[in-house]
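Let's take a walk through this model together, starting with its aromatic rings and ending where the chains meet.

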Amino acid sequence: MSGRSAFRRRQRVFRWVTLTLLMVFFLLPLLGMLEFTLQGPGGNGRTLDTWRTLADVSQISLEYPALKEGFLASVGLAVITPLVMLVLLVPTMTWVRLRLPGLSRTVEFVCLLPLTVPAIVLVVGLTPVYAWVYYLVGSSTMWLALAYVVLVLPYAYRSLDAGLRAIDVRTLSEAARSLGASWFTVMWRVVLPNLRTAVLSASFLSVALVLGEFTIASLFSKKNLQVAMYELGKSDAKISVAVGLASLVFGFVVLFAMSFVGTRPAGAGRVARLRRPRPAKETP
Amino acid sequence: MADTASVRPAGALRRLRPSGALAGVVPFFAYTTVFLLIPTLVVVIGAFLDGDNRPTLGNVSALTQPAVVRGLVQSVVLSAVTALGGAVIGGVLAYAVSTARPGSVTQRFFTSLCGVLAQFGGVALAFAFIASFSAQGLLSVLLSEVGMSTGGGLWLYEWDRGLMLVYLYFQIPLMLIVFLPAVEGLRPQWREATETLGGTTWTYWRRVAGPILLPSFVGATLLLFTNAFSAYSTAKALVPQANPLLPLQIGSSLSSEVILGQENIGKAMAFEMVVVVAVVMALYAWLDKRSGRWMSR
């Protein structure tokens with residue numbers, strides 16, 4: 001039918017015009033970043049010096065100790081935060097499903113609460129709490145992970161909830177228990193392996209959030225990657241911009257590769273996870 | 001999919017004492033009490049206490065100071081404008097992406113790109129725009145070659161022009177991610193049915209697709225609003241000195257130890273933010289429930 005093919009053609013033209021226009025909008029500032037890092041001394045000519053410096057790990061750590069410190073802190077936080085989050089959430093959510101179904105609404109409410117409390121507000125309230133943390137255990141940057149866990153709660157909750165919905169935890173754990181497994185074995189050898197995808201995506205979201213976090217670290221005067229970039233932006237902007245661009249490209253490559261792996265929808269970001277429609281409860 | 005775990009009564013395990021079962025959730029509630037509930041209470045209660053911990057309404061009435069009111073108004077306007085703009089542009093983008101073949105490289109590319117850009121806010125984003133629009137920046141040079149001046153790029157640091165443009169840079173991708181599932185829920189059969197009944201493309205959008213998408217669209221717009229309203233780092237990196245927005249004012253009230261009692265005004269401002277976000281989130285939850293009814297498959 002010619003009407004149908006004309007419609008398809010019109011739709012294709014519309015698609016490409018829209019996508020091209022927005023790609024220009026998205027790419028121009030990034031090209032601006034790239035061009036800035038390639039500028040020679042005094043804004044004349046082109047040079048790869050910035051990127052050469054960035055690629056040279058020993059030189060970076062020698063000349064930019066702040067960047068090294070911030071990077072290491074962020075990496076450490078990106079390891080600790082998902083770990084604490086998993087240790088806290090997976091057993092609790094499994095336990096609530098098995099033994100305390102009446103509490104599931106409460107746990108969900110608590111986990112989604114941080115969506116209503118912006119990070120800047122959390123900082124205000126956390127100040128006295130952290131005064132105690134520092135007093136009791138010292139003021140290492142790594143304690144920021146405790147606050148970051150709260151920030152990732154909503155996203156991690158939705159990921160893990162979707163994963164738990166997909167498996168029959170009760171039958172699995174009853175089977176394991178009747179074969180003599182301890183509760184620890186049930187968690188470690190039965191529930192966790194079945195939640196692999198959900199655990200991975202919850203951890204990935206946590207890592208992404210931790211690496212991009214600025215508000216809490218900066219107001220608590222702790223140095224993570226973003227704070228180091230912010231401070232470096234004043235003295236050596238080129239390196240700072242290059243780090244920003246590199247981390248963006250890295251994030252895109254990881255997400256794009258992940259969209260080809262596994263069955264979940266491509267590029268499901270933090271927020272998409274939140275909007276995953278929940279299956280009807282009253283299915284027979 | 002039947003969720004058997006949650007509908008089956010807990011008969012098999014009920015013989016165990018409930019107190020033992022409750023012990024399993026103690027760590028979770030202890031943690032969230034210390035790091036979420038106590039901080040929230042500190043803000044809410046602190047908003048109504050003075051420097052000597054006596055109850056007062058002074059902090060709340062301090063919210064009527066012209067500077068604070070301006071911060072709130074500018075925050076709301078900035079969030080509303082970028083939420084609406086981002087929703088409309090991002091909505092069109094989401095529809096364009098949805099017309100590509102499902103699972104095609106185009107779809108994967110744009111969803112991944114937007115997934116990254118939606119979280120790109122912050123220091124690096126501010127740098128991207130500063131690098132592009134500063135006097136020697138790429139875009140300034142390009143624009144001056146076609147005869148348009150960016151005026152030295154100073155407008156970039158103003159909340160109503162620069163910040164809006166910068167915020168759109170993460171609002172549009174966020175809209176794509178939030179809105180794409182709704183657009184993908186549109187069935188081609190609905191359009192065919194409209195055409196069979198003699199409807200035009202306009203009829204289809206006006207009478208079929210529009211009403212179906214409206215709740216999701218409004219819900220996504222509200223989400224974008226809270227996203228912009230809560231954002232701190234982008235604005236902080238772009239305009240480090242001035243405090244045109246409420247989050248920036250809270251931030252500076254925290255770091256300034258000069259004026260005594262200022263701290264509790266910061267708590268009052270934080271409380272004000274929570275109230276605004278809570279209202280919007282309640283609206284969002286209500287709409288999400290409604291749109292869920294439409295989009296259920």
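## Rings and the interface

Over all chains, this predicted model holds 26 aromatic pairs. One of them joins A:W95 and A:W183 edge-to-face, with 5.4 Å centre to centre and 75° between the planes. A:W95 sits in helix α4 (residues 65-99) of chain A and A:W183 in helix α9 (residues 183-194) of chain A, so this pair ties together parts that lie 88 residues apart in sequence. A:W95 is buried, at a relative accessible area of 15%, while A:W183 counts as partly exposed at 27%.

Now turn to chain B. The ring centres of B:F129 and B:Y169 are 5.4 Å apart and their planes meet at 85°, so this pair is edge-to-face. Here too distant parts of the chain are linked: B:F129 belongs to helix α7 (residues 123-133) of chain B and B:Y169 to helix α9 (residues 162-184) of chain B, 40 residues apart. Both B:F129 and B:Y169 are buried. Ring pairs also link these two with A:F25, A:F26 and B:F133 into a cluster.

That cluster has members from chain A and chain B, which brings us to the interface. There, 96 residues of chain A are in contact with 97 residues of chain B. The two chains bury about 8400 Å² between them, 76% of it on carbon and sulfur atoms. What is the count of salt bridges between chain A and chain B? It is 0, and 5 residue pairs are in polar contact, both residues at pLDDT 80 or more. On the side of chain A that touches chain B, helix α1 (residues 2-38) of chain A gives the largest share, 22 residues. By class, that side has 62 nonpolar, 21 polar and 13 charged residues.

Key:
Residues numbered from 1 in each chain as written. Chains lettered and ligands numbered in written order. Predicted model: local features only at pLDDT ≥ 70, side-chain atom pairs only at ≥ 80, totals over all residues. Heavy atoms only, no water. Phe/Tyr/Trp six-rings, centres within 6.5 Å; stacked < 30°, edge-to-face > 60°. Helix = DSSP H or I, 4+ residues; strand = E, 2+ residues; numbered from the N terminus. Buried < 20%, exposed > 50% of the residue type's maximum accessible area, 1.4 Å probe, protein only. Contact = heavy atoms within 4.5 Å. Buried area = accessible area lost by both parts, 1.4 Å probe. Salt bridge = Lys/Arg side-chain N within 4 Å of Asp/Glu carboxyl O. Polar contact = N/O pair within 3.5 Å; in protein donor to acceptor, adjacent residues only side chain to side chain. Nonpolar A, V, L, I, M, F, W, Y, C, P; charged D, E, K, R; others polar.
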